[in-house]
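Colleague: I should be grateful for a close look at one part of this model, set out for a first-year student. Please begin with the enclosed space inside the protein and work outward from there.

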Amino acid sequence: MKRLILTAILVALSLIVSEAKCIYNDRPISYFKSDANNKELAILAIHGGMESAEKAKEYCEEIARMFPEVPVYSLNFHMEDMGKRAIYEAVTLSQELKKNYSKLVVIGTSFGGFLGWITSNEVHPEKAVIISGFIGIDKMYRIALSNREKYEEWLEIIPKDVDSRVIENELKKFSIRGISIPFKVLFIHGLKDDIVPFDVLIDDVLSIKGNYYIFINNEGHPASLENSFIKELIRKFVFD
């Protein structure tokens with residue numbers, strides 16, 4: 001009987017988790033928020049790819065299924081001014097969350113991982129998780145120029161009438177390397193990632209001083225959050 005009751009409880013919980021809902025908010029920063037009510041910890045989630053309200057909502061629901069007990073704020077960023085607006089939005093929302101919660105964790109995938117890294121160095125959350133992301137956006141720009149077809153969508157935000165060397169120097173300002181970090185970071189990356197190659201990330205990561213961890217597997221881009229081991233790894237990192 002006890003086993004049957006436990007099974008019923010687990011099934012009920014799984015149904016609740018699978019129906020994670022996120023509500024849209026647009027002032028002063030646009031984001032989706034899950035309905036969890038936890039006053040101690042909040043998660044800022046930043047999706048991969050270019051700006052997309054649909055992706056922001058899907059990412060909110062994905063992270064909320066992983067953390068049903070934690071309020072998730074999924075940033076609906078905008079890419080104006082070569083992504084500078086997205087950085088401003090991420091930092092501003094993070095600062096608000098730090099005022100309202102005791103602890104903040106930042107989770108970002110791909111370009112969202114880069115935004116998460118920049119934001120974390122500005123606001124110093126408790127922890128950050130960078131999934132298939134990068135630190136050196138100047139390196140990513142050089143790679144994009146060598147394969148314009150693959151990175152066509154991203155290159156659309158770069159001014160076409162400005163010399164590439166000027167653009168690269170501007171992007172270097174946002175490539176934070178060789179620093180000491182006062183927060184913990186978990187990097188998750190696939191060796192078969194053909195969008196953000198592993199060697200683009202690893203040299204920059206190894207220049208960091210502080211508490212960081214690297215998990216490498218054989219996945220492509222991005223590392224899947226449906227992978228049960230990765231989900232458990234992230235949960236353990238956040239809560240330990």
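**The largest cavity and its surroundings**

Modeller: The largest cavity is lined by M82, G83, K84, I87, F111, F114, I137, L171 and F174. Please keep in mind that the model is predicted. The space in this cavity amounts to about 70 Å³, and the count of cavities of 30 Å³ or more comes to one. Sorted by class, its lining has seven nonpolar residues, one polar residue and one charged residue. The charged residue is K84, because Lys counts as charged. Helix 3 (84-100) and helix 4 (111-123) each supply at least two residues of this lining.

One of the lining residues, M82, deserves attention for its backbone. M82 is found in the loop between strand 4 and helix 3. Its phi is positive, about 55°, although M82 is not a glycine. M82 has a relative accessible area of 16% and is therefore buried, since buried means under 20%. D81 is found in the loop between strand 4 and helix 3, and D81 likewise has a positive phi, in this case about 60°, without being a glycine.

From the cavity one may pass to the largest pocket. F111 lines the largest cavity, and F111 is also listed among the residues that lie nearest the centre of the largest pocket, together with G48, G49, S110 and H221. The lining of this pocket has 26 residues in total, and the pocket holds about 550 Å³ of space. By class, 12 of its lining residues are nonpolar, seven are polar and seven are charged. Helix 2 (53-66) and helix 6 (152-155) each supply at least two residues of the pocket lining. The largest share, four residues, comes from helix 2.

Two of the names above lead to further details. The first is H221, which lies among the residues nearest the centre of the pocket. The peptide bond from H221 to P222 is cis, with omega near -10°, and P222 is found in the loop between strand 8 (212-217) and helix 9. The second is helix 2, where K57 is found. K57 has a relative accessibility of 33%, so it counts as partly exposed. The C-alpha atoms of K57 and N76 are separated by 8.1 Å, while the two residues are 19 residues apart along the chain.

Let us return to the cavity and follow another of its lining residues. I137 lines the cavity, and helix 5 spans residues 137-146 and contains D138. D138 forms a salt bridge with R177, with the closest N and O atoms 2.5 Å apart. This pair links distant parts of the chain, for D138 is in helix 5 whereas R177 is in the loop between helix 7 (164-172) and strand 7 (184-190), 39 residues away. Is D138 buried or exposed? D138 has a relative accessible area of 3% and is therefore buried, whereas R177, at 28%, is partly exposed. The pair also belongs to a wider arrangement, as D138, K139, R177 and D204 are linked in a network of salt bridges.

The structure holds 15 salt bridges, and two others may serve for comparison. The side chains of E69 and R235 meet in a salt bridge of 2.9 Å, N to O. That pair also links distant parts of the chain: E69 is in the loop between helix 2 and strand 4 (72-75), and R235 is in helix 9 (residues 228-239), 166 residues apart. E69 counts as partly exposed at 35% relative accessibility, and R235 is partly exposed at 23%. The side chains of R27 and D26 meet in a salt bridge of 3.9 Å, N to O. R27 has a relative accessible area of 71% and is therefore exposed, while D26 counts as partly exposed at 46%. R27 also precedes a cis peptide bond, the one from R27 to P28, with omega near -10°. P28 is in the loop between strand 1 (22-25) and strand 2 (31-34).

Finally, one reaches the surface. L191, L206, I214 and I216 form a nonpolar patch there, with about 340 Å² of accessible area together. Of these, L206 is in helix 8 (residues 198-206). L206 has a relative accessible area of 54%, so it counts as exposed.

Definitions and conventions: Residues are numbered from 1 along each chain as its sequence is written. This is a predicted model: local features need pLDDT of at least 70, side-chain atom pairs count only at pLDDT 80 or more; totals for chains, interfaces and linings use all residues. Side-chain values use heavy atoms; hydrogens and water are left out. Patches are made of residues with over 30% relative accessible area and no salt bridge: like charges are joined within 9 Å, nonpolar side chains (Val, Leu, Ile, Met, Phe, Trp, Tyr) within 5 Å. Accessible areas come from the Shrake-Rupley method with a 1.4 Å probe; for residues, only the protein chains shown count as cover. A salt bridge is a side-chain nitrogen of Lys or Arg within 4 Å of a carboxyl oxygen of Asp or Glu. Buried means under 20% relative accessible area, exposed over 50%, partly exposed in between (1.4 Å probe, protein chains only). On a 1 Å grid over the protein atoms alone, a cavity is a set of points where a 1.4 Å probe fits but cannot get out, and a pocket is an open set with protein on both sides within 12 Å along at least five of seven lines; lining residues have an atom within 4 Å of a point. Grid points are joined across faces, edges and corners, and a volume is the space filled by probe spheres set on the points.
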